[in-house]
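User: I want to go through this model and check the wording used for it. Here it is.
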Amino acid sequence: MNPRMNRTDVKPSVTPGVRLGQVSFVWRPWIVCVSLLLAAATFLVFCLSIGVGDFPIRLPQVIATLLGRGEQVDEFVIMDLRMPRALAGVVVGIALGVSGALTQSIARNPLASPDVLGITNGASAVAVFLVTVSGGTAAAIVSSVGLSAAALMGGLGTGLLVYFLAWRRGIDGLRLILIGISVSAVMEALTTWLLVTADIRDVAQAQAWLVGSLDDRSWDEVQVAVWGTLVLLVVVAGAAFQFKPMHLGDDVAAGLGVRYSAVRAVLLLCAVLLAGVAVSAAGPVPFVALVAPQVAMRLARCPTPPMVASALVGALLLTGSDLVARTALPVSLPVGVVTAAIGGPFLVYLLVRANRR
Amino acid sequence: MVTQSVTGVESKSDQASRLAARGVTVGYGARTVIDDLDVAIPPGVITTIIGPNGCGKSTLLRTLSRLLKPSKGTVVLDGDDIARLRTRDVARKLGLLPQAPVAPEGLTVADLVARGRHPHQSWLRQWSSDDADVVERALAMTGVSDLADRPVDALSGGQRQRVWISMTLAQGTDLLLLDEPTTYLDLAHAMDVLDLVDDLHESGCTVVMVLHDLNLAARYSDNLIVMRGGSILAQGHPRDVLTAELLHEAFGLRAKVIDDPVGDRPLIVPIGRTHVQLD
């Protein structure tokens, strides 16, 4: 069926719609263009990132191999050695971008992100605890569920704790952020205390985890992150329609027939889980979740964080940072260092801009 | 009770009211604001709830619009218990404008008003030409068509309130609940918004609103609900209800009620302590 534009019967001020059979949606060409460009850029950086290494592979060969027409040597290097890392970058970026877009939309505040809401620090505290505390139980937990899964549970637990502490006849954005910052600070203090008191060899391992890195990802770890993210994205996409009026506040949303408490609880849980999946796959990569939705909003010229564009900006930022971390500098840096170097100044820019208004 | 309609639209005369509260008790946490209250909203007219600060007028409006759930009693909408209806179905019958709503920075007027179509949309059918037509009409009716591409936050207070009312209109209901639609507006803009509310009433809407200004309430309403301490002191046409005794009882206000020199409604002249010359 051909797409039919319904734009001539109304004045151009009202957004035109597009109809494909039973499906109809708002047609916003700018956002579609921006999203396609972001997707293309992400794919390019993804391929470049795969090509970089001790055994460099040029871009055409990378693309040929991805399409299944490469040489056998390239195929082994790409599919077995480099693909998990590159894919982890994309998936973690998407998860963080969407998680940030959700938390910022729910709190109606651009400063809300999984970092600020304590999810990241909660996961870190648990991971550092398990690494540094030598003892039967900790070792047993790590060996049975793995450090990543334990960190995921830590992040999830902290996120839920913040949600319930902030709940007072509904969720107020500012209250959520303040409680998130407080709980986050406690978790950070706990992490610092563990690092100071722990054995120096364990500290090195914990520090490596804390910076956030895509090094040495295995297919098994990446698969968990990919499937987890996919399932959560389906849930988010399903709830996204009900979420649209919630940018106008709870009362207006209720007036428009949205059961906002339920929608918000589901989406906040998705945000926490997405951040948790990201942290468990790559460690606490800072600032991506905060910056990606804000960049996406400005690129897509949206008043609220656009989900698809936020996901793509997150993926581009993370794969791009990883590429920079591995190539532009004489020493190979963990990706978390580069995202912090880009994200930190951007946060300052946002704050300065808000102050001047 | 005043049920005389000036709309020319045939209101459902077989039912006394479209919206009513029956024995509702509402509060926040342990604090009870409204205790065992009965009220019926007459169809086809403008009903305004007035009363001193903290008397429960906003609470009553929020209860009628199912934003607050009564701990006892029921709210009845078109014969059904509102608590048993799907919130989406309620949104197709009852439009609500909360007090001082805030739009995200940068959201355009057309996009805000378009959100009013939400109760009529679904995941697959997110936007249709019907929606576009209704939004276009809502913009025109509230006189904000020219502002359609402007960001809501760049408008003046009066324009902004028109835009929000436009969004509520786009919902396509003939029952509108407005919580203090004139908050933060100067008198000229308040009159402007209330003239718009009167236009909506003329076009067949039943309106329930909360107002602070008694003279504006008297001028623009056909039915006044006067509240104090969570219960209703009086209800009826402004001419019948607004007396010096009632104002003293409800607000503790000394006032003289005279004939409005430019209208057929009563005019309240408050008597303070200074600059007063009483005969």
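Analyst: A definition to start with: two residues are in contact if their C-beta atoms, placed from the backbone, lie within 7 Å. Note also that this is a predicted model.

User: With that cut-off, what share of contacts in chain B between residues at least 6 apart in sequence join residues at least 24 apart?

Analyst: The share is 65%.

User: What makes chain B as compact as a globular protein of its length?

Analyst: Set the radius of gyration against the globule rule. The radius is 19 Å, and the rule gives 19 Å for 279 residues, so chain B is as compact as a globular protein of that length. Its C-alpha trace spans about 65 × 40 × 40 Å along the principal axes. The chain holds 9 helices and 12 strands. Of its residues, 47% count as buried.

User: Which elements of chain B supply at least two residues each to the side that touches chain A?

Analyst: They are α2 (87–93), β6 (95–97), α3 (109–115) and α4 (129–141) of chain B. α4(B) gives the most, with 5 residues. In total, 36 residues of chain B are in contact with 28 residues of chain A. The chain B side divides into 19 nonpolar, 9 polar and 8 charged residues.

User: Turn to chain A. How do you know what span to expect for helix α1 of chain A?

Analyst: Use 1.5 Å a residue. Helix α1(A), residues 29–51, has 23 residues, and 33 Å is expected. From first C-alpha to last, α1(A) reaches 33 Å, close to that value. Just after α1(A), Gly53(A) takes a positive phi of about 155°.

User: Which residues of α1(A) are called buried, and what covers them?

Analyst: Buried needs 20 or more other C-beta atoms within 10 Å of the residue's own. Among those that qualify in α1(A) are Val34(A), Leu38(A), Val45(A), Phe46(A) and Ile50(A). Polar names appear too, including Ser35(A), Thr42(A) and Ser49(A). The cover includes α2 (59–66), α3 (72–107), α12 (288–300) and α13 (307–327) of chain A.

User: Why is α3(A) called roughly perpendicular to α12(A)?

Analyst: Their axes come within 7 Å and cross at roughly 75°. Angles of 65 to 115 degrees count as roughly perpendicular, so α3(A) is roughly perpendicular to α12(A).

User: Which residues meet there?

Analyst: From α3(A), the residues include Gly93(A), Leu96(A), Gly97(A) and Gln104(A). From α12(A), they include Val288(A), Leu290(A) and Pro293(A). The residues of this contact divide into 7 nonpolar, 5 polar and no charged.

Definitions and conventions: Residues numbered from 1 in each chain as written. Chains lettered and ligands numbered in written order. Predicted model: local features only at pLDDT ≥ 70, side-chain atom pairs only at ≥ 80, totals over all residues. Helix = DSSP H or I, 4+ residues; strand = E, 2+ residues; numbered from the N terminus. Expected span 1.5 Å × (residues − 1). Buried ≥ 20, exposed ≤ 12 C-beta atoms within 10 Å, placed from the backbone. Axes fitted to C-alpha atoms, helices over the stretch in contact; angles between N-to-C directions. Parallel < 35°, antiparallel > 145°, perpendicular 65-115°, else oblique. Rg over C-alpha atoms; globule rule 2.2 N^0.38 Å.
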